[in-house]
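This report walks through selected features of the structure shown below. Please keep the sequence and the model side by side while reading.

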Amino acid sequence: VVIKIGEAITSANNFTAAMDFARSLTPDGGTCPGAAIEKAAAQVQGNLRPERPYRSAILLTDGVFYDMPRPRLAAEGLFHFSTLTYSMGISIPQGQTDFGLTDEEIKRQRTQLLNFAQNQRQRVYNFGAEGLSLLDEIAMEFANQLPQDAIDNLPDIEARPFFCGWTSKDRCITMDEERTPTGKYCKWNSQLRKCLVKDNCNLSPKACEADEYCRRKGNRCLKKAKTPSLTL
């Protein structure tokens with residue numbers, strides 16, 4: 001379930017309204033961590049503006065990622081655009097509730113949280129078994145930390161305007177068309193089932209044969225020559 005709670009938030013009143021709207025929501029139907037993270041990366045790519053260079057993403061979970069490796073691959077999109085990533089984990093041990101985590105799951109959660117925060121331990125918040133009772137305290141700590149982190153990590157959005165690591169064909173093609181309507185930048189390789197940069201022909205023989213932008217020449221995989229345009 002992916003819900004947009006606000007956009008073009010340019011004032012404290014806009015932010016308060018978005019938070020009030022979020023409090024009124026009750027997500028239903030299960031969660032898809034990888035899809036949600038990829039959606040966030042897609043929103044970042046679709047809203048790159050020099051006048052709004054700061055970007056951050058916060059992951060809050062009370063479980064573990066069950067759809068690996070998609071969350072890890074999707075997070076690469078956030079890293080690609082220099083998005084500051086933070087993670088917050090609630091780890092209630094098994095036995096205290098009907099849905100508690102085993103010791104192994106708690107360990108796995110902490111590893112996943114650290115990976116999402118790009119191995120920056122100061123950007124990982126562990127609520128532990130106390131759960132949301134610590135939310136107000138951690139929210140204040142986070143609010144004080146974020147502005148300085150943003151200043152220390154000012155991104156250059158012109159350096160890497162495209163990302164071709166999407167985990168689905170539809171996302172690969174759709175995002176490419178939105179960013180480059182006059183010419184493709186990414187491509188979907190059906191053999192590898194991966195989204196790649198169009199000019200990447202460093203492929204295995206089978207993947208090369210399945211790629212519309214590459215051709216085999218003996219044991220080598222080369223880029224296809226561009227078809228010359230005709231002028232009448």
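## A nonpolar patch on the surface

F21 has a relative accessibility of 35% and therefore counts as partly exposed, in a model that is predicted. F21 belongs to helix α1, which covers residues 12–23, and together with I3 and I5 this phenylalanine makes a nonpolar surface patch of about 220 Å².

## Overall architecture

The protein is built from seven helices and seven strands. Read from the N terminus on, these elements follow the order α-α-β-α-β-α-β-α-α-β-β-α-β-β. The protein has 232 residues, and 34% of them count as buried.

## A salt-bridge network around E38

Which residues are linked in a network of salt bridges? The members are E38, R70 and R171, and the structure as a whole holds four salt bridges. In the pair formed by E38 and R70, the side chains meet with an N to O distance of 3.2 Å. Because E38 lies in helix α2 (residues 33–46) and R70 in helix α3 (residues 70–80), this contact ties together parts of the chain that are 32 residues apart in sequence.

E38 also meets the side chain of R171 in a salt bridge, here with an N to O distance of 4.0 Å. This pair links distant parts of the chain, since R171 sits in helix α6 (residues 169–179) and E38 in helix α2, with their positions 133 residues apart in sequence. Is E38 buried or exposed? With a relative accessibility of 1%, E38 falls under the 20% limit and so counts as buried. Its two partners are classed otherwise: R70, at 29% relative accessibility, counts as partly exposed, and R171, with a relative accessible area of 22%, is partly exposed as well.

## A salt bridge between E209 and R216

Apart from the network described above, E209 forms a salt bridge with R216, and the closest N and O atoms of this pair are 2.8 Å apart. E209 has a relative accessibility of 55% and therefore counts as exposed, whereas R216, at 39%, counts as partly exposed.

## Cavities and the loop that carries F99

How many cavities of 30 Å³ or more does a search of the whole structure find? The search finds two, and the second largest of them has a volume of about 30 Å³. The residues that line this second largest cavity are D62, I90, I92, F99, G100 and L101. Sorted by class, the lining has four nonpolar residues, one polar residue and one charged residue.

Among these lining residues, F99 is placed in the loop between β2 (84–90) and α4 (103–116). Although F99 takes part in lining the cavity, its relative accessible area is 57%, which means that F99 is classed as exposed. F99 and D62, both of which line the second largest cavity, are 37 residues apart in sequence, and their C-alpha atoms are 9.6 Å apart in space.

## Backbone features worth checking

The peptide bond from M68 to P69 is cis, with omega near 10 degrees. P69 is found in the loop between β1 (56–61) and α3, and R70, the salt-bridge partner of E38, lies in helix α3 itself.

Where do S82 and N119, two residues with positive phi, lie in the chain? S82 is found in the loop between α3 and β2, and its phi is near 55 degrees, a positive value in a residue other than glycine. At 29% relative accessibility, S82 counts as partly exposed. N119 is placed in the loop between α4 and β3 (124–128) and has a positive phi of about 60 degrees, although N119 is not a glycine. Its relative accessibility of 51% is over the 50% limit, so N119 counts as exposed.

Notes: Residues numbered from 1 in each chain as written. Predicted model: local features only at pLDDT ≥ 70, side-chain atom pairs only at ≥ 80, totals over all residues. Heavy atoms only, no water. 1 Å grid on protein atoms, 1.4 Å probe; cavity = no way out; pocket = protein on both sides within 12 Å on 5 of 7 lines; lining within 4 Å. Points joined across faces, edges and corners; volume = space filled by probe spheres on them. Nonpolar A, V, L, I, M, F, W, Y, C, P; charged D, E, K, R; others polar. Patch = residues over 30% accessible without salt bridge, like charges linked within 9 Å, V, L, I, M, F, W, Y side chains within 5 Å. Areas by Shrake-Rupley, 256 points an atom, 1.4 Å probe, with all protein chains shown as cover. Helix = DSSP H or I, 4+ residues; strand = E, 2+ residues; numbered from the N terminus. Buried < 20%, exposed > 50% of the residue type's maximum accessible area, 1.4 Å probe, protein only.
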